[in-house]
Amino acid sequence: MTTAPPAVKKPLALLTVARWSGFAGAVMLGAAAFLGGALPVPQPAWVSPVTIWHAENGPASVILYFAGVILLLLAWWRARAGELTVRWVAVTAALWSLPLLVAPPLASRDVYPYSCQGEIFAAGIDPYRNGVAALPCEWLDLVTPMWRETPAPYGAVFMAVAGLVAHVTGTLWASIAGFRAAAVLGLILAAVSLPALARRAGADPARALWFGLATPLVGIHLLSGAHNDALMLGLFLAGLAVTPFSGDPRTPAWWLRLAGAGALIGLSVGVKGTALVVLPFAALLAIGAPFRWRALWPVAAALTGGAVAALAGTTLAVGLDFGWLAALSGTGDSVVWQSPPTSVGLTIEWLIRMVGIKTKVYGFFRVVALILLVPVLVAIWLRARRDQTDAKVLHHAGLALAATLALSPVVNIWYMTWPIALLAIAAASGRGLLGITFVTAGGLFLIMPDGTGLAYFTRIPGAPLMLAFSIWFLIRLFRRLRDERHPIPV
């Protein structure tokens, strides 16, 4: 009598378990949002991590939140071993999104200043020269006190969206729904564009979509938190996807498509200025290999012309100016150790305070990092130009966004979705998977369900650890670049 071999778990069963266990995690997150999420309650000047724990239903909301995060993250990670299809990924991501869409905001209170900025703009007050307290906003007491006097740091495209939401909605919950609708639109654009970019790079579109957009980081922060990063992300990914890479550049249609790609990226810049980083890489995609300087200038002119026309046209149409560029300095009031240059300054401050000297030096390192950002971005672009395949260009565009974050004075965890979306294409081919997972997993545990950031309260040891990680990363990067320049003979 022979013994039957043990049954092998079918990939379909694996994906089914992952889909529904992830949905269970999303339901837990939705419940946590109702019990103790970023609810529309007045904000005191000081909120600590223990505040939510001592609140009514506090322990239940915290336990449900972190249990939901863990379950959703495990389901997301487990499903990577299955035979993913674009349709399966899209349906699963939509299913996981449902509990977050019908629940109150989770892990962020940014939708409240969005609502107030839209309200003062709709009332005819310049949001680039006035904080939300200028009206005063109907929901002013829901905004964190440190942001009530801060002008809006967003471009005219997003202010137009915020003004429209304020105009057509009359209640706070309707306003939240309006900003979530804008986030959904951005994520739909991204969901259409990312598989197209993956096919262009020769990568698996389903896996690129899974690692780039189906992550819990996107659902919790971009969707539930209704961050405008979703709209920015969708627009610049659409711009890269529209960028022509075949056909006859001698035809007017080719150049119109190129200008259209620039316009989409320009609209993305009109949400958040960081999107400008990807514009030079769109030029490399359009030129193709081999690179020719003579071909760069007309391509760059068409892309830049489309971007400028879209950005300037939108700004003038809504009756604003570029005052949001000056307002960006106000975001530096947030001091958290996720920003490497800030962590350097905080660590040095901590060390010299031990010998009795009290001074603030993190601002100096922030300025130095911003100065270094320009040559770093140029170096990444030149490196992409050297090996100008579509996969390499998109990968380096993701690296450029990652470098922008690494040298920025303020880094919020949802900003990580910008580079992850493009680096996920490399992950779809098997590279960079561990790094993307680490960022996704670690970032989800840095914010409480009510939006309280743990990073602010963990500057020590957070800043020294970030400094140590930065040094280790730079050493690894230097060695890799050295080995590529002088390869070891085989």
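A residue counts as buried when its relative accessible area is under 20%. By that criterion Cys116, at 0% relative accessibility, is buried in this predicted model. Cys137 has a relative accessibility of 5% and therefore also counts as buried.

**The disulfide**

These two cysteines are partners: Cys116 and Cys137 form a disulfide with an S to S distance of 2.0 Å. The structure holds one such bond. The linkage connects distant parts of the chain, with Cys116 in helix 5 (residues 111–122) and Cys137 in the loop between helix 5 and helix 6 (156–168), 21 residues apart. The disulfide is left-handed, because the torsion about its S-S bond is about -75 degrees.

**Overall fold**

The protein contains 20 helices and zero strands. Its radius of gyration is 23 Å, close to the 23 Å that the globule rule gives for 490 residues, so the protein is as compact as a globular protein of that length. The C-alpha trace spans about 80 × 60 × 60 Å along its principal axes. Of the 490 residues, 51% count as buried. Among contacts with a separation of 6 or more, 78% are made by residues 24 or more positions apart. The protein exposes about 22200 Å², of which carbon and sulfur atoms supply 70%.

**Helix 3 and Trp76**

Helix 3 comprises residues 58–79. At 1.5 Å a residue, its 22 residues should span 32 Å, and the end C-alpha atoms are 32 Å apart, so expectation and model agree. The buried residues of this helix include Gly58, Ser61, Val62, Tyr65, Leu72 and Trp76. An α-helix has 3.6 residues a turn, so residues three or four places apart point the same way.

Trp76 has 0% relative accessibility and therefore counts as buried. Leaving aside residues up to four places away in sequence, Trp76 touches Trp96, Trp210, Phe211, Ala214, Thr215, Pro216, Thr437 and Thr440. One of these partners, Thr215, is 139 residues from Trp76 along the chain, yet the C-alpha atoms of the two are separated by 6.8 Å.

**Aromatic pairs**

A search of the whole structure finds 22 aromatic pairs. Two of them are set out below.

| Ring pair | Distance between centres | Angle between planes | Geometry |
|---|---|---|---|
| Trp88 and Trp210 | 5.5 Å | 50 degrees | tilted |
| Tyr114 and Phe179 | 5.6 Å | 50 degrees | tilted |

Trp88 lies in helix 4 (residues 86–101) and Trp210 in helix 8 (residues 205–212), so this pair ties together parts that are 122 residues apart in sequence. Both Trp88 and Trp210 are buried. Trp210 also belongs to the contacts of Trp76, which is itself found in helix 3.

Tyr114 lies in helix 5 and Phe179 in helix 7 (residues 172–201), so the pair ties together parts that are 65 residues apart in sequence. Tyr114 and Phe179 are both buried. Ring pairs link these two residues with Tyr154 and Phe158 into a cluster. Helix 5 thus carries Tyr114 of the aromatic pair, as well as Cys116 of the disulfide.

Notes
Residues are numbered from 1 along each chain as its sequence is written. This is a predicted model: local features need pLDDT of at least 70, side-chain atom pairs count only at pLDDT 80 or more; totals for chains, interfaces and linings use all residues. Side-chain values use heavy atoms; hydrogens and water are left out. Helices (H or I, at least four residues) and strands (E, at least two) are DSSP runs, numbered from the N terminus. Buried means under 20% relative accessible area, exposed over 50%, partly exposed in between (1.4 Å probe, protein chains only). Contact means heavy atoms within 4.5 Å. A disulfide is a pair of cysteine sulfur atoms within 2.5 Å. The expected span of a helix is 1.5 Å times one less than its number of residues. The radius of gyration is taken over C-alpha atoms; the globule rule is 2.2 Å times the number of residues to the power 0.38. Accessible areas come from the Shrake-Rupley method with a 1.4 Å probe; for residues, only the protein chains shown count as cover. Rings of Phe, Tyr and Trp (its six-membered ring) pair if their centres lie within 6.5 Å; planes under 30 degrees apart count as stacked, over 60 as edge-to-face and the rest as tilted.
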